[in-house]
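Please open the model in your viewer and keep the sequence panel beside it, since this tour moves from an overall view to single side chains.

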Amino acid sequence: MSQYPYTRLFWQSEHSIVIAGPHIQVLDTNTGDVLHSTAKCEEDQITSGPIRCATLSDCGKFLATSGDDKKLKTWQVDDLKLLSSRVLLKKPTYIIFADNKDILVADKFGDIFRYQLHPSSNESSSGYTRDALSSHENPSGGELILGHASLLTTFLVTTDGQYIVTADRDEHIRVSWYPQGYTIKSYCLGHQKYVSAIHIPSFSPGTLISGGGDSVLKLWDWMNGELLRDINVFSAIQPFITGRPVEASTEDSEVVFVVHRVASIPSLAPIIVFSVVGATAIFWFSMDDNYETCIQHEPFHKPIIDFTLEDGGSVWVLLDADQSSQGGRSRKDEGGDSNLVEVR
C-alpha cells in the first residue's frame with residue numbers, strides 16, 4: 001500500500017483527524033492510535049487523487065472533503081461513515097462549514113456555493129440549471145452566495161454569522177453580507193500580491209489579519225475597510241525558508257513568499273500564530289506590540305506542512321518528515337514514525 005505524509009490536521013481533545021493523500025484517519029489524541037481509516041473503505045468511497053480541501057464542523061461531528069475528483073464528500077467522524085457524495089463542476093479551492101448545517105465551497109472560477117450538510121432526497125445531478133449570476137452550472141443544487149472575478153484563495157464567515165470575508169488571487173479582500181453576498185460592506189485593499197490567509201481573532205473581533213505573497217501581514221478594521229498597520233515578517237522568516245526555493249522570473253530574483261495559515265485561540269490572547277510555506281519554524285507575535293512588533297519562532301528543522309492550536313495552548317504541527325524535532329513529542333501510527341509533533 002502506498003504511504004502518504006500527513007497534510008492536514010484537525011485537533012480535538014479525544015479524537016483528532018488527519019489527512020494523508022486520498023485517505024482520512026481518526027486518531028486517539030492521547031495515544032496516537034489509528035481508530036478509523038478510509039484505507040479500509042470501499043474503493044469507490046475513496047478520492048481518486050489527494051484530498052485538496054477539508055473542513056471540520058464546529059461541533060466536531062462532521063468532516064467535509066474534496067479533491068481532484070471534484071466530489072464534495074461529507075463524513076461522520078465517529079466511524080468515518082460516508083454520508084453523501086455530490087458532484088462539483090469546478091475544482092474547489094477552499095471549503096468551510098457554516099452554522100454546523102451548511103457547507104460553503106469556493107471554486108477556481110471565483111464563485112462560492114452553499115450546500116446543505118444533509119442533502120434532500122430529491123437532490124440529483126439533473127434538474128438544475130445555471131444561476132444567472134454564477135460563472136458555471138451547478139449540478140448538485142448548490143446555492144450561489146457570491147462571486148469574484150478571480151480565483152478565490154480563502155474565505156471565512158464571521159462568528160456572528162452576518163458577514164463573509166473573501167480573498168482572491170488578485171490582491172482583493174471583500175467583506176459582504178451573509179448569505180446576501182451580493183451586498184458588499186467594504187473592501188480591504190492594499191496587498192500588492194495574492195492573499196492566501198485571513199483570520200479574525202475571537203478576542204479582537206473587529207480586527208482582520210491577512211497575509212499572502214507580500215512581505216508583511218496586514219491588520220485591518222474590516223468593517224470599514226481601513227488598514228490599521230503592516231507587520232514586516234519577511235526578514236524574520238527568510239532564514240527558515242529552506243529546501244528548494246522558488247525564484248521569481250525577474251532580474252532581481254527573490255524567493256516566493258507564501259503565508260500558509262494564521263490562527264489564534266482565546267487562551268493565547270493576544271498572540272497570533274502563523275506559518276509560511278517551506279519554512280522550518282512556526283512564528284508568532286503579540287497584537288499588543290503597537291510599534292516595533294517582535295516576531296518570535298519555534299524551529300523544527302523540517303518544513304512545516306500544517307499546524308493547529310489546542311485549547312490549552314499547545315501547538316500541533318505536521319512536518320515534512322518522518323521524524324520529530326528536538327523539543328517535540330512525536331505520535332506513531334501503524335505505518336511507523338509520524339510527522340505529527342506536539343509542542344508545549
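Begin with the whole protein on display: of its 344 residues, 50% count as buried. Please keep in mind throughout that this is a predicted model. Colouring by secondary structure should bring out one helix and 28 strands. If you then turn on a surface, the protein exposes about 16500 Å², of which carbon and sulfur atoms supply 46%. Among the contacts between residues at least 6 apart in sequence, 43% join residues at least 24 apart.

**Stop 1: the largest nonpolar core**

Select V233, I237, F274, F283 and F285, which are the residues with the most contacts inside the largest nonpolar core, a set of 21 residues. To see where this core draws its members from, add the elements that give two or more residues to it, namely β19 (216-221), β21 (259-263), β22 (271-276) and β23 (281-286). Now centre the view on I237 and show its surroundings: leaving aside residues up to four places away in sequence, I237 touches F257, F274, V276, A279 and F283.

**Stop 2: aromatic rings**

Which residues do ring pairs link into a cluster? Select F240, F274, F283 and F285, and you have the cluster that these ring pairs build. A search of the whole structure finds seven aromatic pairs, and two of them are worth viewing one after the other. For the first, select Y94 and F155, whose rings are edge-to-face, with 5.6 Å from centre to centre and 70 degrees between the planes. Because Y94 lies in strand β9 (residues 92-98) and F155 in strand β13 (residues 152-157), this pair ties together parts that are 61 residues apart in sequence. The two partners differ in their cover, for Y94 counts as partly exposed at 27% relative accessibility, whereas F155 counts as buried at 2%.

For the second pair, return to F274 and F283, whose rings are stacked, at 5.7 Å centre to centre and with 25 degrees between the planes. Here F274 is buried, with a relative accessible area of 0%, and F283 likewise counts as buried at 0% relative accessibility.

**Stop 3: the arginine in β11**

Move next to R114, which is found in strand β11 (residues 111-116). Is R114 buried or exposed? Its relative accessible area is 19%, and because buried means under 20%, R114 falls into the buried class. Show the side chains around it, and you will find a polar contact of 2.7 Å joining R114 and E143, together with a polar contact of 3.5 Å joining the side chains of R114 and Y178. To complete the surroundings, select D102, I103, L104, G142, E143, I145, Y178 and P179, which R114 touches when residues up to four places away in sequence are not counted.

**Stop 4: the cysteines**

How many disulfides does the structure hold? It holds zero, so a search for a pair of cysteine sulfur atoms within 2.5 Å will return nothing. Two cysteines can still be selected for their exposure: C59 counts as partly exposed at 37% relative accessibility, and C294 counts as partly exposed at 43%.

Note on methods: Residues are numbered from 1 along each chain as its sequence is written. This is a predicted model: local features need pLDDT of at least 70, side-chain atom pairs count only at pLDDT 80 or more; totals for chains, interfaces and linings use all residues. Side-chain values use heavy atoms; hydrogens and water are left out. Rings of Phe, Tyr and Trp (its six-membered ring) pair if their centres lie within 6.5 Å; planes under 30 degrees apart count as stacked, over 60 as edge-to-face and the rest as tilted. Helices (H or I, at least four residues) and strands (E, at least two) are DSSP runs, numbered from the N terminus. Buried means under 20% relative accessible area, exposed over 50%, partly exposed in between (1.4 Å probe, protein chains only). A nonpolar core is a set of buried Ala, Val, Leu, Ile, Met, Phe, Trp, Tyr and Cys residues joined through side-chain atoms within 4.5 Å. Contact means heavy atoms within 4.5 Å. A polar contact is a pair of N or O atoms within 3.5 Å; within protein, one must be able to donate a hydrogen and the other to accept it, and residues adjacent in sequence count only if both atoms are side-chain atoms. Accessible areas come from the Shrake-Rupley method with a 1.4 Å probe; for residues, only the protein chains shown count as cover.
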